[in-house]
Structures are given as structure tokens and as C-alpha cells.
Amino acid sequence: MGRGPRPEGNAEVADEPAADAVLVRRAVLGDRSAFTTIFHRHGPAMFRYALNMLEGNTQDAEDALQATWTKVWVNIETFHGRSALRTWLFTVTANEVLNQRRRRRPVPVDDTLLIPRPEKAHLAPAAQLDQRQLQEALSAALTELPWRQRASWILREMEGQSYEDIAQILDTTPTVIRGQLHRARTTLATRMETWR
């Protein structure tokens, strides 16, 4: 199947549960075009999550996504619709990201954690510089968060997942996720205070 696509920008992909259910049924029957549609619908968000959780290391994110999509293809028939397809895909991705983190050696903090949005041509150079510096500061602050806090924050704030879905993805409870998000937001607010 090859390596996952590298998304450009931060385009939101609408989750369409009914359409996803049809695609899953078709994929279970071996329809590669249905699986490809699932891949294109959810792959960019999964890649962003992997990239953000792996401190911007593109190779590690691609490796994690390759393993994720292989597992999804082999195990697509185990998806029974008890959650949204997107939640199930993020669960597999989160597990593979964690496996990838365990396999690699610690690396110095990289300030390119977040995928920068395309710069707007109408922004003055000084404003573009400020925006870039803000992204770098947020990337560094996110990298310093404990893993579960960072995962919770990225899934909620960047990917728009519900507390219940995040809890399922990270194999915990919504109450724990609320606590993790509260601690992450408090830490980030302190770290980003100079940018207010």
C-alpha cells in the first residue's frame, strides 16, 4: 500500500458515519477502492496526530502510519461499528505511535512539532514572523507535556474529537481525559503567557 500521504495544511475532514459504515462493509468484502476512500478521508488527520505525537519526526510518523494501515487492512472485519470508524482508526494509530515511541531512542526536542499552516500573503512580514514564533513556542510547550496530556490536547484541540472518543482512543475514561486536558491547558497557558 506504500507510505501514507503527507497532508498539506490543516484541512478538516468531515466524519460521515453512515458513509463510513458502507465503506467498511465494502472493504470487508475486499473492495480496494472503498478502503482507499477510507484512507483518503481519515489518513491526513491520522498522519497529523502521529507527526505531532512523534515530535515532528516524519520518518517515524510514516512508519507508524504504515503499520497502522496494514493492521487496519488485515483487521477491518473486526470493526463492528460500536464506535465511529474515525475513533477506531485513531485507536489503532495511537497504539502504533506508542509502539514507535518505544522502539526509538530519545531525541532532542525539535521545535517543528506542529505542521505550519500556509502563510497568508496578506500578512505583513512582521506578522508572519510573529505567527511562526508563536507556532514554534506552542510546539516546544507541547513537546514538554507528558504523553497522555499531549495526546489528549492534540486529539481535542487539533482534531476535534469528543471526550468519549479520546477516552476510547487512549483506553481510559472521559473523566481522566478531562483531567488530562485541564492539566495540559493549565501548563500551556502558563508557558504561552507571554503570547497573550
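**Exercise 1. Determine whether F90 is buried or exposed in this predicted model, and describe its surroundings.**

*Solution.*
Step 1. Apply the cut-off: a residue is buried when its relative accessible area is under 20%. F90 has a relative accessibility of 0%, and therefore counts as buried.

Step 2. Place the residue in the chain. F90 belongs to helix α4, which covers residues 85-103.

Step 3. List the neighbours. Leaving aside residues up to four places away in sequence, F90 touches A45, M46, Y49, L155, E159, Q161 and I169.

Step 4. Set sequence against space. Between F90 and Q168 there are 78 positions in sequence, while their C-alpha atoms lie 9.3 Å apart.

**Exercise 2. Describe how helix α2 packs against α4 and which residues make the contact.**

*Solution.*
Step 1. Begin with the axes. Those of α2 and α4 come within 10 Å and cross at roughly 35°. The crossing is right-handed.

Step 2. Identify the contact residues. Helix α2 contributes I38, R41, H42, A45, M46, Y49, A50 and M53. Helix α4 contributes L85, R86, L89, F90, T93, A94, V97 and R101.

Step 3. Sort them by class. The contact holds eleven nonpolar, two polar and three charged residues.

Step 4. Return to F90. This residue is in the α4 part of the contact, and A45, M46 and Y49 of α2 are among the residues that F90 touches.

**Exercise 3. Carry out the analysis for α2 and α3, giving the angle, the handedness and the residue classes.**

*Solution.*
Step 1. Helix α2 spans residues 32-53 and helix α3 spans residues 58-75. Their axes are 10 Å apart, at an angle of about 145°.

Step 2. Helix α2 passes α3 in a right-handed crossing.

Step 3. On the α2 side the contact is formed by R32, F35, I38, F39, G43, M46, F47, A50 and L51. On the α3 side it is formed by T58, A61, E62, L65, T68, W69, V72 and W73.

Step 4. By class, twelve of these residues are nonpolar, three are polar and two are charged.

**Exercise 4. State which helix supplies the largest share of the largest nonpolar core.**

*Solution.*
Step 1. The largest nonpolar core has 48 residues. Y49, W69, W153 and L170 have the most contacts inside this core.

Step 2. At least two core residues come from each of α1, α2, α3, α4, α5, α6, α7 and α8.

Step 3. The largest share, eleven residues, is supplied by α2.

Step 4. Consider the chain as a whole. Its secondary structure consists of eight helices and zero strands. Of its 196 residues, 43% count as buried.

**Exercise 5. Classify E55, D171 and R183 as buried, partly exposed or exposed.**

*Solution.*
Step 1. E55 lies in the loop between α2 and α3. Its relative accessible area is 11%, so E55 is buried. Although E55 is not a glycine, its phi is positive, at about 50°.

Step 2. D171 lies in the loop between α7 and α8. Exposed means over 50%; D171 has 71% relative accessibility and therefore counts as exposed. D171, which is not a glycine, has a positive phi of about 55°.

Step 3. R183 is located in helix α8. Its relative accessibility is 40%, so R183 counts as partly exposed. R183 and Q149 are 34 residues apart in sequence, with 7.3 Å between their C-alpha atoms.

Key: Residues numbered from 1 in each chain as written. Predicted model: local features only at pLDDT ≥ 70, side-chain atom pairs only at ≥ 80, totals over all residues. Heavy atoms only, no water. Axes fitted to C-alpha atoms, helices over the stretch in contact; angles between N-to-C directions. Helix = DSSP H or I, 4+ residues; strand = E, 2+ residues; numbered from the N terminus. Left-handed = near helix turned anticlockwise from the far one by under 90°. Contact = heavy atoms within 4.5 Å. Nonpolar A, V, L, I, M, F, W, Y, C, P; charged D, E, K, R; others polar. Buried < 20%, exposed > 50% of the residue type's maximum accessible area, 1.4 Å probe, protein only. Core = buried A, V, L, I, M, F, W, Y, C linked by side-chain atoms within 4.5 Å.
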